[in-house]
Amino acid sequence: MISRNKFSRVFQKHGSHSGVTARLGTSLLSKGKRNRLPVIWLGTNTCAGDSISLLNSLDPGYRAIISDLIDLRYYHFGMPAEGDKSTGVLEDTLAERPGEYVLIVEGTIPTRSNGLYCVIGNRRGKPFTALDAVQELGAAARYVVAVGTCASFGGPYAAHPNPSDGKAVHKVLDRQVINVPGCPAHPDWIVGTLAHLVWYGEPELDEYNRPTLFYGETIHNLCQRRHYFDSGIFSAHPGEPWCMYKAGCKGPVTFADCPYRQWNGEHLNWPVKANTPCIGCVSPEFPDHTEPFFEHLPDIHLPQVTVNANRVGAVTGVLTAIGIGGHLVASIIKGRLPKTLKKGFSPAKPGIEILQTTPAQILVDSIKKMLKKKR
Amino acid sequence: MKKIIINPVTRSNSPFVVEVTVSEGKVVDTKCSCQFFRGFELILQNRDPRDACYLTERVCGICSSAHGMAAAFALENAAGVRPPYNGNILRNLILGADLLQNHIRHFYFLSLSDYVKGPDLPPFVPSYKKDFRLSKKANEAMLQNYYEALEIGRLAHELMALLGAKAPFPHSILAGGSTVAPTVDVIIDFYYKLKKINDFIQNKMIPDVHTLAETYADYFEIGNRNANMLDFGLFPKDEHDRERYFPAGLALEGRVQEVDLKPIKEDLSYSWYADKGVPQDPYTEETVPDREKDGAYSWVKAPRYNGKAVEGGPLARSWIRGDYRRGVSVMDRIMARVLETELVGRLMEGWLEELRPGEPVFKPFAIPQEAEGAGLTGAMRGPLGHWLRIEKGKIAHYQIITPTAWNMSPQDATGQPGPMEEALLGTPVADANEPVEISRLVRSFDPCSACATHIIIPGAPVREFIICV
């Protein structure tokens, strides 16, 4: 994200003080047009879901993206060239524009058998592995962007037992990688990140190198159905129009703006609105630790207190907040949730603030005391 | 003799490799193979059976809903549950929208660049230079439709999002039905978006395919093979699934007959798996990858129906339904795909009217502890099957046979090539540096190696091996 100061600096650079908005707006656009960033979109071990998502962008659409925003040189999904003619573009870009181009990677990078589980073409008569391509092209790129959960964190193709030893891009590259996860990544997340790079440079990133602009808050806190959660009104199974927590929703531990943004380009719908659980597809833990998709987050059993969604659903709103808030936080105290999920509940993040001002905090404190006593 | 290797074949859902040997201007030998391996069935083991719907969608970004549908059918079959009336229609509408998206994007975005010259702008350049036969004016008109098709393909995915939460990988195709209540606001939004798509198909796509067929009429004579084709049936007519709008069927030498699952065997002679010397039954076969195997050249196995290599896709479905039986060639495959797009778009308008607002969309059910099930459906590219065995409430065995496994299969023990390979034999190649004939032919199958290269049986050890030569 760009700070207000930086934003006005960008604007001041591009025009006089009179009529500033109109003039600067267009100069940003035309600057982008003139200096379209060269982009290589490399599909590795992928289902092409993020390539499809790029095509699902509404404004700008694909045509405007390739003519106004970026200079899309390599895109296996849409380029007429094939065979050596297509992979030749990779070598040309590396030779002609080192340090200038953006490398976008879609898919995991298999590392088994020196990367031979994914070959993207031939080079001098030998298999050109995705691993080689990412490492070579990544070293000389101005920015490296991992699009989709596979490239960002491993995702479904690196799920247990990870038959191809697939790795996320940042695991095979010794440099910063901007992660734009999602299965697929939302068209706005992809295009928004690219536009930020073109117009303002690198966006503000969180500790997982995700743009905070899109991944700064939990689904749970942005959810339109949050009040059902707080009131203890739950859907028992998919297809019911209430809080999907009990039907398996991973919204409380998933950082993305789906509830506000909605899918796809026209922003019509999203999993909870469609009466299904969020499955945490943007998370580093997807899918191994966000499964089972239709079972709710783990319950907690302590002496004198058993809290889970089934119980709290039966009582009042206040008790609900206590129950579920307590259960999630207690899970963290006991180390039941994977480390990465705890992020959603660390005090510095907005997720916990609600708990701190509710009776849930009292329960948490009592649980903490209880655990201390036991030790 | 000259060997031509196209690696990668771009503009397919995932790249793959075609290798042909040309003698006296014609293809005399051919190998089609894939480049990557993920082991999806292995990943599915020991997971909650309900998760297979969402996970198997991740096999393929362009036909995700077909995998969701097959997984839903398999679990419903195992659990003995049927979706409610609305649930069936809603699932058909989601899969239908994805099919429209696939066919529109395949015709314009993936295959048209083989026939129409693009603008002088990356990623349209570099490209082949020869054999663009349309007049400048016709080329420009087709290009404008290409741009419009980008919008229309996107709109088809908005339909999918309306009822399925998002696209690709919709959330609302589940065993037990679907999840979005068909209220009037949703129905009317869906209808008017669908109407825009159908107008485009009617007014642009159909005329365009006829222009293409007239200009490149010789492609009715390229990529020929006997009408040996298969489909498992697409879009159940009601929740009991006694009939489908596109019926299951097998065409042998053009004659249509009923499909039986027993004659489906997989031959491993030329695939990188240890071979017992006889074709294997997909229910019981054990697969041991063996990259060092002499003579083998592909990760794709060779599924055969009674020993026959059969192809799947819109042409197979149209042939079985009796809608289109002109022949089997590059242009026939393209023509059948476009005509199917039109038909599905019109069917979907009818399904919308059949929805009953206020009635249930999902039927809850219990996961059986021990059960088996098969989920068979037509998909964008042909017959798709998911086989599932549940033990102790978890997935014990999952097997997927995809359309591209049928279409892109290698040779079998008798030396019979796979359908795509068979179609390639005898293809004229005018210029080995720009083998457009090969490109056009393989893309007429709408191949998807993302779907084809994950075939592995859980329980078998995965050894070190190499993907492609």
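In this predicted model, strand β11 of chain B, residues 371–379, runs antiparallel to strand β12, residues 382–391 of the same chain, and nine bridges join the two. The connection between β11(B) and β12(B) is a hairpin that passes through two residues. One of the pairings can be followed residue by residue, since B:Ala371 in β11(B) has B:Ile390 of β12(B) as its bridge partner. Strand β11(B) is also mostly covered, with seven of its nine residues buried.

Chain B also provides the residues around the second largest pocket, whose volume is about 310 Å³. Its lining includes B:Leu376 together with B:Phe232, B:Gly233, B:Pro247 and B:Ala248, and among the other lining residues are B:Arg242, B:Glu243, B:Arg244 and B:Glu258. Taken by class, this lining consists of six nonpolar residues, four charged residues and one polar residue.

The largest pocket, for its part, has a volume of about 370 Å³. Of the 24 residues that line it, those closest to its centre are A:Phe153, A:Gly154, A:Ala168, A:Lys171 and A:Pro284. Two elements of chain A, β8 (166–167) and α8 (169–172), each give two or more residues to this lining. Both domain 1 (4–215) and domain 2 (217–319) of chain A take part, for the lining of the largest pocket draws at least three residues from each. In its composition, the lining of the largest pocket divides into 10 polar, nine nonpolar and five charged residues.

Terms used. Residues numbered from 1 in each chain as written. Chains lettered and ligands numbered in written order. Predicted model: local features only at pLDDT ≥ 70, side-chain atom pairs only at ≥ 80, totals over all residues. Heavy atoms only, no water. 1 Å grid on protein atoms, 1.4 Å probe; cavity = no way out; pocket = protein on both sides within 12 Å on 5 of 7 lines; lining within 4 Å. Points joined across faces, edges and corners; volume = space filled by probe spheres on them. Helix = DSSP H or I, 4+ residues; strand = E, 2+ residues; numbered from the N terminus. Nonpolar A, V, L, I, M, F, W, Y, C, P; charged D, E, K, R; others polar. Domains from an automatic or database assignment. Buried < 20%, exposed > 50% of the residue type's maximum accessible area, 1.4 Å probe, protein only. Pairing = 2+ DSSP bridges.
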